[in-house]
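Me: I would like a close look at a single part of this model, taken slowly, with the surroundings brought in where they help. Please begin with the criterion that the reading of that part depends on.

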Amino acid sequence: MNPRESITVTSSRTDGNGRFAEPPVVAEICNVVRENERFLIVGHGHPDGDCLGSCLGLYVILKEMGKDVRFFTPGPVQDFFCFLPYVDSTITSHPQIRAGE
């Protein structure tokens, strides 16, 4: 096959022209983000790099959109993850959230 030839991909994730077809849930997620200002991201206990990376990535995106965001994981966060941006913003004990806050 000539590397300059285009390849048409067909699957349930593409439209009839081989372009990616966004699942309806993506629009629903975008609406939730647009319509709300406060978010609590919750990771699993004893977070690994995948948990911290994905949660902190979402944390940064929402913060940059001007949202009020908290990231909670019932820790502990291992010291070797201290290089991750915003890891010091991670809440590892039960958050005490007062009504109206």
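Reply: A residue counts as buried when its relative accessible area is under 20%, as exposed when that area is over 50%, and as partly exposed in between. The model is a predicted one, and the part chosen here is Lys67, which lies in the loop between α2 and β2. Because its relative accessible area is 8% and the limit is 20%, Lys67 counts as buried.

What does the side chain of Lys67 reach at 2.8 Å? The partner is the backbone oxygen of Asn36, and a further polar contact, of 3.3 Å, joins the side chain of Lys67 to that of Glu37. When residues up to four places away in sequence are left aside, Lys67 touches Val33, Arg34, Asn36, Glu37, Phe39 and Leu62. Asn36 and Glu37 therefore appear both in this list of contacts and as polar partners of the lysine, Asn36 through its backbone oxygen and Glu37 through its side chain, with the limit for a polar contact set at 3.5 Å between N or O atoms.

The elements around this loop give the setting. Along the sequence the protein follows the pattern α-β-α-β-β, with two helices and three strands. Strand β1 covers residues 38–42 and pairs with β2 in the parallel sense over five bridges; within this pairing, Phe71 in β2 is the bridge partner of Ile41. Together β1, α2 and β2 make a right-handed β-α-β unit, and the loop that holds Lys67 is the one between α2 and β2. On the other pairing of β2, the partner strand is β3, again in the parallel sense, over two bridges, and here Phe71 has Thr90 in β3 as its bridge partner.

Helix α2 also takes part in an aromatic contact. A search of the whole structure finds two aromatic pairs. One of them is formed by Tyr59 and Tyr86, a tilted pair with 5.7 Å from centre to centre and 55° between the planes. This pair links distant parts of the chain, since Tyr59 is in helix α2 (residues 49–64) and Tyr86 is in the loop between β2 (68–72) and β3 (90–91), 27 residues apart. Tyr59 counts as buried because its relative accessibility is 7%, whereas Tyr86, at 40%, counts as partly exposed. The other pair, Phe80 with Phe81, is tilted as well, at 4.7 Å centre to centre and 50° between the planes; Phe80 counts as exposed at 56% relative accessibility, while Phe81 is buried at 11%.

Beyond β3, Ser93 has its place in the segment after that strand and counts as partly exposed at 48% relative accessibility. Ser93 and Thr73 are 20 residues apart in sequence, and their C-alpha atoms are 7.7 Å apart in space.

For the chain as a whole, 23% of the 101 residues count as buried, and Lys67 is one of the residues described as buried. Of the contacts between residues at least 6 apart in sequence, 54% join residues at least 24 apart. The protein exposes about 7700 Å², of which carbon and sulfur atoms supply 55%. Returning to the chosen part, Lys67 is a buried lysine whose side chain has polar contacts with the backbone oxygen of Asn36 and with the side chain of Glu37.

Notes
Residues numbered from 1 in each chain as written. Predicted model: local features only at pLDDT ≥ 70, side-chain atom pairs only at ≥ 80, totals over all residues. Heavy atoms only, no water. Helix = DSSP H or I, 4+ residues; strand = E, 2+ residues; numbered from the N terminus. Buried < 20%, exposed > 50% of the residue type's maximum accessible area, 1.4 Å probe, protein only. Contact = heavy atoms within 4.5 Å. Areas by Shrake-Rupley, 256 points an atom, 1.4 Å probe, with all protein chains shown as cover. Phe/Tyr/Trp six-rings, centres within 6.5 Å; stacked < 30°, edge-to-face > 60°. Pairing = 2+ DSSP bridges. Right-handed = clockwise from strand over helix to strand, strands pointing away. Polar contact = N/O pair within 3.5 Å; in protein donor to acceptor, adjacent residues only side chain to side chain.
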